[in-house]
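Work through the exercises below with the structure in view. Try each task before reading its solution.

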Amino acid sequence: MPSSKLFDGQELLSQECQDFISSLPKEKSITLQPLYQYQGFWHNDRCLLALISTQKHFEAQDSDVFVVSNPKCGTTWLKSLTFALLYRKQHPVTAQNHPLLSSNAHDLVPYIDMNLFYDNKIPDMESFPSPRLLATHMPYVSLPDSIKNSSKCKLVYVSRDPKDAFVSLWHHGCNAGLHDLNSSMEEAFEDYCKGISFYGPIWDHVLQYWNQSLLNPQTTLFLKYEDMKAHPALHLRRLADFLGCPFSAEEEESGVVDQILNLCSFDHLIGLQVNKTGVSKWGVDNNVFFRRGQVGDAKNYLSEEMIKKIDGITRDRFSGSGLLS
Ligand code: A3P
């Protein structure tokens, strides 16, 4: 085993890991840590190691369900909805002790890389209830082969207008104390537009999963945050059909769709004690995942010029993909 050394002042990493990471393209970022480019996307060193460990060790099961997203695109909401939907037999939606009333969705639906395989841990994946409900921000290209090769496990992806995702990410960084205090939103914006952001470029991330959803609609469902906000019941039913747990006539009759939407609504979740004051198992304050939950918030923070620039990139990158319609 190679000897361990300090790397970037915060983590004990083997020489082999240090050499590998040092060989990658590196950029300083507005967060306190540099980002490294791996398989076309930018990661900090610890998330990158977790990703590589996941690639090496994670074995998918055909019944697995993954909530997938680029950061700040509606992951918390989609995790909540998918959890409530998938486990509604074990956890009736209106139960006083429903897990979402006392736990944040990120504790109930962990990220395989950023939580489970983090810090050199090889978790016991057998202890998860079946079907396993997991999450990741990994780009499609970086998913473990066992996920990509399965013709059965399901990926549920949520995308969001990149300008709103950027504004949300900026606030998340500020609220979670992740930013270099000397950095400005303008600098962060320029980096984001160049794709140099946590799991960026967002455009490539979205396109990879969009293309997968066209190629393999049985295994990848592509959702848009904006569509979900506009027609939540429609997209919840799509999700239920996709996951093979459609609402029965009886459930429709008794209002289970609305019950799930209410349980997982922004206004409900933000008001729960666990999300006001709780801290996740991984040490992040739960309240940073709830801010405004609105479509179009970018216009309150970005100049017209910035909006023109990022919309132009989105149009260029998505043109011809079918995503703009
Ligand atoms: P804003 O910062 O624009 O408010 P993620 O969960 O991927 O980290 O994304 C966070 C974004 O989703 C934040 O957006 C947050 O407010 C919003 N969000 C969190 N829970 C939500 C919910 N139940 N419904 C709608 N939006 C939600």
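**Exercise 1.** How far does a polar side-chain atom of serine 168 lie from an oxygen atom of the ligand?

Solution. The model is a predicted one. In it, the distance from the ligand oxygen atom to the polar side-chain atom of serine 168 is 2.6 Å. Next, look at lysine 72: an N or O atom of its side chain is 2.7 Å from an oxygen atom of the ligand. Glycine 74 uses a backbone N or O atom instead, 3.1 Å from a ligand oxygen atom. Finally, consider cover: of the 570 Å² of accessible area that the ligand has on its own, the protein covers 98%.

**Exercise 2.** Describe the shell around the ligand.

Solution. Start with the count: 18 residues surround the ligand, and Ser168 and Arg292 are among the closest. Then sort them by type: eight are nonpolar, six polar and four charged. Now assign them to elements. Helix H3 (75–86) and helix H15 (266–271) each give two or more residues to the shell. H3 gives the most, with three residues.

**Exercise 3.** Is helix H8 (residues 162–175) largely enclosed, and does its length agree with its residue count? Show the steps.Solution. Take length to begin with. At 1.5 Å a residue, the 14 residues of H8 should span 20 Å, and the end C-alpha atoms are 20 Å apart, which agrees. Turn to burial, where the cut-off is under 20% relative accessible area. Twelve of the 14 residues of H8 are buried, so H8 is largely enclosed by the rest of the structure. The buried residues include Phe166, Ser168 and Trp170. As for partners, the buried residues of H8 pack against helix H9 (185–194), helix H10 (202–215) and helix H17 (304–318). Just after H8, glycine 177 has a positive phi of about 65°.

Note on methods: Residues numbered from 1 in each chain as written. Predicted model: local features only at pLDDT ≥ 70, side-chain atom pairs only at ≥ 80, totals over all residues. Heavy atoms only, no water. Near = heavy atom within 4 Å. Polar contact = N/O pair within 3.5 Å; in protein donor to acceptor, adjacent residues only side chain to side chain. Areas by Shrake-Rupley, 256 points an atom, 1.4 Å probe, with all protein chains shown as cover. Helix = DSSP H or I, 4+ residues; strand = E, 2+ residues; numbered from the N terminus. Nonpolar A, V, L, I, M, F, W, Y, C, P; charged D, E, K, R; others polar. Expected span 1.5 Å × (residues − 1). Buried < 20%, exposed > 50% of the residue type's maximum accessible area, 1.4 Å probe, protein only. Contact = heavy atoms within 4.5 Å.
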